[in-house]
Amino acid sequence: MLTLGISAYYHDSAACLLSDGLVLGAAQEERFTRRKYDAALPVNAVRYCLEQAGATIADVDRLAFYEVPRHKRARQEWQAARRTEGPAVRVTAQDTEARLRDGLQWTGDIHFVDHHRAHAASAYYVSGFDDAAVLVCDAVGEWDTTTFWHGQGPELTRLGGVRFPDSLGLFYSCVTSYLGYRPNSDEYKVMGLASYGKPVYGAILQKLLEIDADSGFTMDTRVLDFISEPEGYRANLAELLGIPARRPGGLVLPHHADIAASAQVVLESTVSALLDSLSRQRRTTDLCLAGGVALNCRANAVAFEASAFTRMFVQPAAGDAGTALGAALCAEPPETRTAAGSVMRHAYLGPRYDSDAIAELLTGAGVPFRDFRNDEQGIVNTVAGALAAGRTVGWFHGRMEFGPRALGARSILADPREEGMRDRLNSKIKWREEFRPFAPAVPEERAEEFFAMGRTSPFMIDLFRVRQPDVLGAVTHVDGTARVQTVNAAVAPRYHRLLQRFGALTGVPVLLNTSFNLSDEPVVCTPVDALRTFLRSSLDLLCLEDLLVDAASVPAELREAATEEHRFVAGAGLQQGGELYSFF
Ligand SMILES: [Fe+2]
């Protein structure tokens, strides 16, 4: 039985296909359309999922959607009626059912799943736990912004929650906006910036968010106004802080870092209080987290370590993309919802491309390459040697990751030892803010030597203290922590071998791992995306499955053409797929 889950029309649309509870494929639409956080109906992601199953839409047994449109619409209309100034609230949850039916050519029933239930399911049902407390925290679903759940066997029971307009996710987005970054997009920049500041405004911000030991929290709507103010705050926030909002693109000054640090502390203390409340309600030792706030790895780590829970699973696609998976799981019958094989050990759920097709592509485009087909150890040794010599590598291998993190399938890899590598990547390749840290990957069995772990971290969504910051200068954040990925040999064998080989050469089996994309673009999906990104960056090597391209040998005219996508794709004779899709 096939179940298709859809998240769409708000932010980071995605599709996920289950076969009797097991995930066949899951992907975000942005990866195919190259529009970051694409909110369109994910027709490309659906097409990929169906291809993965060798199925058409007619073979799908159940369709699940990640929210209940009439409830969302009621909230949007409620909000619109109360907004007296500024741009009108867009009521987007209209005609959703008709748009889904038309867009997907679907004639059967549609399971509309409560948004927070979909988030909770996306974590609990793939956690491997059979009795767990679940916290969901995001900007807003239909009405919910924070919810408590108890998962037991196939059942997921809602224990309580906080409703709009009180919202921890919107609070953090509001500070993101105040600091001149894009809300609902750049929150991770605020998290990175926070480590450079002191929480001197913590008391002021905490007063705006009152924690209630039983029910959650309430907000001071005289300052934080998520109903009427498009940015989420009124002018009196600047008076309270004594600092005006930073203009986008303006200088980042120490007091901006202090505001970020203060908002981060408030977030952490609130999540801690929510976990306390949850553990009092359910005396379980296992915890699951989901919702956009769970992408804040620092809050996850701080709150979990202070809590009574002993094990934690955070859905790697904690944002709305993950609700495509969660909604699909909710539409499954109870007996397949918790199928033993559905434990999420990795996020490699997207498309893969084989070396023969890539070789054809490179040959057609006139790109010279070294061919390591049938010689895995050869390519691993060569890439590890190049990394040890300080070269940077675009690493494209296996199925693309689901969720925002690159985990060794679509990654940029580099030597983590010298701090200078971080600056080089920031200024020449990623073109991003210098305060944003890079993360390390390490073989699971070697992780404890370099990081104070105590638990594995396969999804890079948790934070740990670096034991030897002087050895890992490029991946140690200013506060001595790192967002570690532990790599399991059975789950990602080639990536694991690469780490081992780099360790054999350098004594440090750790690599700097960052997503394979340029600033403000989605992570690459296809070999064409990877090649084009490679040509527009200063990366030294591109490893496309078993084939290795050296930047020095790429014809100059191709590199020039890569700056214009259409010219590049057409000129190189590369075809990314048609514009029109049929599901039959
Ligand atoms: Fe959400």
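Domain bounds here come from an automatic or database domain assignment. For the protein chain, that assignment gives domain 1 (2-66 + 68-112 + 320-342), domain 2 (168-314) and domain 3 (355-571).

The model is predicted, so local features need pLDDT of at least 70 and side-chain atom pairs count only at pLDDT 80 or more, while totals for chains, interfaces and linings use all residues. Residues are numbered from 1 along each chain as its sequence is written, and side-chain values use heavy atoms, with hydrogens and water left out.

**Exercise 1. Describe how domain 1 meets domain 3.**

Step 1: Start with the distance. The C-alpha centres of domain 1 and domain 3 are 31 Å apart.

Step 2: Look at the contacts, meaning heavy atoms within 4.5 Å. Here 17 residues of domain 1 touch 14 residues of domain 3.

Step 3: Turn to buried area, the accessible area (1.4 Å probe) that two parts lose on being put together, summed over both. Between domain 1 and domain 3 it is about 1,200 Å², and carbon and sulfur atoms give 55% of it. On the domain 1 side, R31, R34 and K36 lose the most area to domain 3, together 57% of what that side buries.

Step 4: Search for salt bridges (a side-chain nitrogen of Lys or Arg within 4 Å of a carboxyl oxygen of Asp or Glu). The rule finds one across this interface of domain 1 and domain 3. R34 and D529 form a salt bridge, with their closest N and O atoms 3.6 Å apart.

**Exercise 2. Find the backbone features that deserve a second look.**

Step 1: Recall the background. Most residues other than glycine have a negative phi, and most peptide bonds are trans.

Step 2: Check phi. R34, which is not a glycine, has a positive phi of about 65°, and Y37 has a positive phi near 60°.

Step 3: Check the peptide bonds. The one from F164 to P165 is cis, with omega near 10°.

**Exercise 3. Decide whether C49 and C137 are in a disulfide or in none.**

Step 1: Apply the rule: a disulfide is a pair of cysteine sulfur atoms within 2.5 Å. The count comes to zero disulfides.

Step 2: Take C49. The nearest cysteine sulfur belongs to C16 and is 6.3 Å away, and C49 is in no disulfide. C49 is buried (under 20% relative accessible area; exposed is over 50%, partly exposed in between; 1.4 Å probe, protein chains only), with a value of 0%.

Step 3: Take C137. The nearest cysteine sulfur, that of C288, is 15 Å away, and C137 is in no disulfide either. C137 is buried at 3% relative accessibility.
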